[in-house]
Amino acid sequence: MKEAFKELTRYKSALVGLFILFFLVALAIYAVVAIPYGEAIRLWRGSEAMWRYNPRTAAPAWIDYFTPKRLLHTVILDSEVAQKNVEVLSERTRRILITYTLDYKADVFPSELAVVFKSRYDKKPPRVEVIWKTPDGREFPFGRQIPSGAIHWYTVSQDKDLISNLRGAPEKILFQDPKDAEKPIKGIHTITIKAYVFESDADIDAEVIIYGTVHGLAGTDHLRRDIGVALLWGAPIALAFGLGASFGITISSIIFAAIGAWFGGWIDGVVQRLTEIRMVIPTLPILIMVGLFYSKSIWVILAVLIVLNLIESSVKTYRAMFLQEKRAPYIEAARSYGAGHLRIVFRYLIPRVIPWLIPGFVLAVPAYVFLEASLSVLGLGDPVLPTWGKLLSDAFGHGALYHGYYYWVLEPAFLLMATGFGFTLIGYTLDKIFNPRLREI
Amino acid sequence: MGGYVDNIKKAQITEQISVQVYQNPAYQSYTTEELRKLIEQKVALEIKRLGLDKPFIRFDSLYGFFHSRAFMYLINALTLSLGRSEHIYSSSGSKQVWLIIKERLPYSVLLFTTASLLVFFASLYVALILSRRYGSIWDRLSVALAPLSTAPSWFYGIILILIFAAILRLLPFGGLVDIPPPENRIMYALSVLKHMVLPLLGWFISGIFVGVYSWRTFFLIYSSEDYVEMARAKGVPGRLLERRYILRPTLPTIITSFALMLIAAWMGAIITESVFNWPGLGSLYMAAISQFDTPIIVGLTVIYAYLLGVTVFILDIVYAIVDPRIKVGGGTAA
Amino acid sequence: MEDRVLLAVKDLHKWFELRKWGFIHVGFVRAVDGVDFDIHYGEAVTFVGESGCGKSTLARTMLGLYQPTKGEILFQGKRLQKLGRWYRSQVGYVQQDPYGALPPFMNVRRILLEPLVINHWGTRAERERRIREVLEEVKLTPVDDFIAKFPHMLSGGQQQRLVIARAIVMNPKLLVADEPVSMLDASVRVEILKLLDSVQKAHNLGVAYITHDLSTVRYFSERIFVMYAAKIVEKAPVKELIRNPLHPYTQALLDAIADPDPENAHKMREVPPGEPPSLLHPPSGCRFHPRCKHAIEGLCDREVPPEFEPTPGHFVSCWLHK
Amino acid sequence: MEPLLKVEGLKLYFRTTKGIVQAVDGVGFELMPRTAMVVVGESGCGKTSLARAILRLLPKNVHTYSGKIYLDGQDVMQLNDEQFRRQIRWQKISYVAQAAMNALNPVIKVGFQVAEPLLIHKRMKREEAMRRVVEAFQIVGVPTDFVDRYPFELSGGMRQRVVIAMALVTNPQLVILDEPTSALDVLTQANIMNSLKGIKQEFDLTYILITHDISTSSELALEAMVMYAGQIVELGKAGHFYLEPLHPYSQKLMSSVPTLREDKELDFIPGQPPSLINPPKGCRFAPRCPKRFSACDQEPPMVEYKDGRKIKCHLYA
């Protein structure tokens, strides 16, 4: 084994494969350590509230470096950057003016606007008004309503009155250059929140959120979720699923093949018939039915997959190998010094063929990783866990391609492809090393 | 098992029947209470008719298993009495599962048989050329590109749609023909062809590289067989050598791999078709999944199983024809 | 006399059933068909014959790997079937293809340990000591250089030494050597034969040496048994047999063997026509009669010749020596 | 008389993952028509590679293939592959490969396989070719009704004869036989050797017989070549070699051959042949040679001994 590894590192392609694999494993370990399993599920299943500060379907931030236009990162103006003036109007009533300045430099319009009011009062809620002053001095007052509750999300972009007043989407009109409607105006916007509070110890604070068009390392999806979480967590799941399936299936098939070939007779007959039956079982449709009628949990699917493939069609190939090995002189020698049946099967036959199976085992891993992705694309992905396949499926289902959210498709696709490449490169090289007939050429 | 799907189905039935009852003028004189009872009765009847009152599957006893719905479906399916669908209609308006499947089958066959044949013969041909030029740049390139085939065709489908449909706007995103379909027959065929390009290309990319690589390796291995060396020594010219000494003895393997490829194509169709919105069996499967149309799902699964079975069976026969060593049957066993 | 006998084989038959399609009975392959002989303590005996004459089946039956169809094998006077696994530690096996005879995934130590572990021999330290002892004996020295190596790191001769070491690691009484040198280079053959000889003498082993090559026989064994078509046709001491072969088959076999001599190129050899018969349908009477130029019509093709003893210790199954 | 085959400085190296294997390293010899040369040596000394180099049956990983080969005065190294195929293969040289059991295509009837060279090179009609095949079968002793059989229906000895028939069917001048009998039984071996002798006389053939079995080789040999580690170490008349080998390697080789009739003390060569990847400097046999002395660090020249033999050894320089 050590020799094989050493030999592996002599091939450039295998080195690339090993590098990719190393990267994936590191990613997987980081994911599991940084975001524990439960946390990952909570994050991914969490309602929109958890991701409220993220823009919707924003591209990854690094896109900025590759486009001539300057893109917008989300800006959150909170009390720390605000000027707050309190005027006492009467014994109880006070007017609070919160002023924010926004130096707008991006070449694109924000994706959304929102204001979050956080107020403290006993009975009578404060009244607020927002006055938006553009760099060229136009003023737009809006939002004349009373925030109810301690925290109130006022999504400016969805204010129907405002939209009809402005005759357009607020995030566009407010930032429009009067000379060129397609370009945002650059410069200092001043946003003033004018609030009246009616109780002596009442207070109000606000955050203005100008949602960007890019977000984080990986961008966000239609539910504002950070795709990075799914990309990260996709790694351990893909590895676990791919390796688990390939390992379980290879091992069980080998054992069946070895037992059938060694004992022969009716035992071999049973194994052979089971193989033939297995050959006519359509795996994918059955997995689909399991996903549909029983459980979409990835672990259940994995288990079913392994059970369906306990006797894989490759048992025939393994069996042929074992039948040949069975006649090998060293097996006869072992019998001559008294080795029992089970010892021969498990200590002689199986160890003998393992090197020949390793390449196949490695090469099968990507197939199972993609199988999981396929199921996800069919809408049968695990409902709680984020996986690369789920990302693709979400992207595809929400028209990412039509709307140009290419990152949403390309990021998981890239990772899937990398996984496939890593394992395949190593697999082919291992095949060259372990397969005596390939060595000669 | 089957629990939440059953609930959805029962809700659907209740809704359907309620609408029917409320809209039926015959029941206008009924009071609300009477109507409610009437609906309950009808729903119960329908549930019984669909067998939804029986458990989906049971393992508690043999009796329980044989009286579960899963077993019922299985028996009906195996005898190819596929029954009637629950929601999906054929374009002629029939609910016969068999008719629905029959209507979709040609589209799948058209796409995937073309794709398989294309990939199969292209890879054989290229591999033969490469094995002749072992060690050349093209040969090494084929080795380097082989890992590209690690991804399935739908995956390339998505990438291709991204490039050719979304960015370049050259080819359609999916579907069978343009909307509205062209009246002219030739234009219709051309339109279908245009829609086939991307799925075919996706299938081709995902199959060709590994195909070329593995056939090349296969031919290289077999070209070092003693009898091939001997034929070369005899001065058998290259093409003839390939045909008579490499292809001919390995024909059983080649045929097997073609059959296995077809099987894989039928399975892979499910996803590829749904990505490209191709109206074949795969899309039908997807539609059935999203509408929980169990008879169609079961029916298709069984059709797949039969396809596999028939392929395996034909394979055995072809073997015996192709390989003279098999004609003597088990006589060689000592 | 009797107590000199290590292994006695009496009227041994080993037939294999031949089936078509896995269940239709076609007939029996008579691989060993009525064979009698003794091997004495510390005696080396050669079985010689062409491929397919049943000599390898005989070896496997002697090793207890096959159950005899008829007849019996007595080891130290006891029936083989009754001895069970203990017998396996009393008999060593040296095969033809040394590389194939060694599990490629085990190193030298593991290979030698296997028989000891399986037969619950000694303690861990004793086993280690025993392994080093046998490696010394077969001259795979210095032992430390070899003990961790895998078979593919050894040359053909070294592999065969290791096989011999494994065969004697349990201190057996009998060694079955099936063509132990036929796959080795001529230069190594002698080396291995000499090693086998020294091992045999040192441990007073009974050896059944099976070969198709008569030219190596005189360097190794004391008696020769000639096999043809599942039967022993002639038994004699080596020198006697080479000087005075009695059976026409033995004569043909000896005639066919060339010693290196430039004159060979200028003369034709006399070789009996045809090929050995099928063991599924062997000829009636003497099995050699269809190829035998001395065949007596009406006798050789009808009656199976019994064993005659024309000179003491020289047995032959041929009507010519009645 | 002109030599039929003249080889000069023939080299065949191939590339492996561990390094360059110098399988044939500067081999030169002449072969007169109607003679038979035996090439002996331990396995792995380059005998088979020599045969393949002469026949231009090169492995895919070939590194160096150089030297001169004249056949009947024609410089065959000048021919391109297609010319070589048309003019040389089976027209002038035919070949009986090692392990002839596997040298037949399992799915084609043996008769057709034997006829194939006639169809390809002699452009014969099929019926005519089959008539020649039947004749060839008779010569080598294969029942003529076997033409319609598949290889798996034949015994090992019969398959071997079929391969020999295949080598003879086009009446070539030179036949290279690579271990033609090594897997066969004594009687079959003797039988085939008899046929080969008979055919040689009848058709004026020239043989190169490659074998590691020195006893059997004497059945055919008129000339002998001893190879060690990819080089020729002794070359001369077979009589001289069998009776009085000169090179220490030849001597050791001869003394390790067991004899049936003569009682002699057998000897063996300790150690094993060197790896052809990094062969020893100087004389390649020196590490195993009982007679080595200081000069053996240098590569020995090929010297001509008084009886016309060529020896690559410092002892005779």
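# A walk through a predicted four-chain model

Let us start with one residue: F313(B) sits in helix α13 of chain B, a helix that covers residues 294-322. Before going further, keep in mind that this is a predicted model. Is F313(B) buried or exposed? With a relative accessible area of 54%, F313(B) counts as exposed, because the cut-off for that word is over 50%. F313(B) also has company: together with V310(B), I314(B), I317(B) and I321(B), F313(B) forms a nonpolar patch on the surface. The accessible area of these residues together is about 500 Å². The numbering of the patch is worth a second look with a general rule about helices in mind. An α-helix has 3.6 residues a turn, so residues three or four places apart point the same way.

Now turn to chain A. The domain assignment splits chain A into domain 1, made of 2-45 + 224-434, and domain 2, made of 62-211. Notice that domain 1 is written as two stretches of the chain. How far apart are the C-alpha centres of the two domains? They lie 53 Å apart.

Chain A also holds an open sheet of five strands, in the order β2-β3-β8-β5-β6, with antiparallel pairing. At its edges stand β2 (83-88) and β6 (139-145); each has a single partner strand, so one side of each is left without a neighbour in the sheet. On average, neighbouring strands of this sheet are turned by 15° against each other, direction ignored. What holds such strands side by side? Strands of a sheet pair through backbone hydrogen bonds, either parallel or antiparallel. For a closer look, follow β5 of chain A, residues 127-133, which is joined to β6(A) by five bridges, the two strands running antiparallel. Here W132(A) stands opposite F140(A), a residue of β6(A).

Next come the charged side chains. Over all chains, the count comes to 56 salt bridges. One of them is formed by R60(C) and E332(A), whose closest N and O atoms are 2.1 Å apart. R60(C) belongs to helix α1 of chain C (residues 55-62) and E332(A) to helix α11 of chain A (residues 329-336), so this pair joins two chains. How covered are the two partners? R60(C) is partly exposed, with a relative accessible area of 22%, while E332(A) is buried at 17%. The two values fall on either side of a cut-off, because buried means under 20%.

A second salt bridge stays inside chain C, between D144(C) and R132(C), with 3.0 Å between the closest N and O atoms. D144(C) lies in helix α6 (residues 143-146) and R132(C) in helix α5 (residues 124-137), and the two residues are 12 residues apart. D144(C) counts as exposed at 58% relative accessibility, and R132(C) as partly exposed at 28%.

Chain D offers another example: the side chains of K312(D) and E299(D) meet in a salt bridge of 2.9 Å, N to O. K312(D) is in strand β12 (residues 310-312), whereas E299(D) is in the loop between α9 (248-255) and β11 (302-304), 13 residues away. K312(D) is buried, with a relative accessible area of 13%, but E299(D) counts as partly exposed at 47%. Back in chain C, salt bridges that share partners join R109(C), E128(C), R132(C) and D144(C) into one network.

Let us stay with chain D and look at strand β8, residues 206-210. How many of its five residues are buried? Five of the five are, and the strand is mostly covered. T206(D), I208(D) and I210(D) point one way from β8(D), while Y207(D) and L209(D) point the other way. This fits a general pattern. In a regular strand the side chains alternate between the two faces of the sheet.

Which strands pair with β8(D)? Strand β3 of chain D (residues 36-40) is joined to β8(D) by four bridges and runs parallel to it; there, M37(D) has I208(D) as its bridge partner. Strand β7 of chain D (residues 174-178) is also parallel to β8(D), with five bridges between them, and D178(D) stands opposite I210(D).

Our last stop is helix α1 of chain D, residues 47-55, which is mostly covered, with seven of its nine residues buried. Among them are L50(D), A51(D), I54(D) and L55(D). Right after α1(D) comes R56(D), whose phi is positive, near 55°.

How values were computed
Residues numbered from 1 in each chain as written. Chains lettered and ligands numbered in written order. Predicted model: local features only at pLDDT ≥ 70, side-chain atom pairs only at ≥ 80, totals over all residues. Heavy atoms only, no water. Domains from an automatic or database assignment. Patch = residues over 30% accessible without salt bridge, like charges linked within 9 Å, V, L, I, M, F, W, Y side chains within 5 Å. Areas by Shrake-Rupley, 256 points an atom, 1.4 Å probe, with all protein chains shown as cover. Salt bridge = Lys/Arg side-chain N within 4 Å of Asp/Glu carboxyl O. Buried < 20%, exposed > 50% of the residue type's maximum accessible area, 1.4 Å probe, protein only. Pairing = 2+ DSSP bridges. Axes fitted to C-alpha atoms, helices over the stretch in contact; angles between N-to-C directions.
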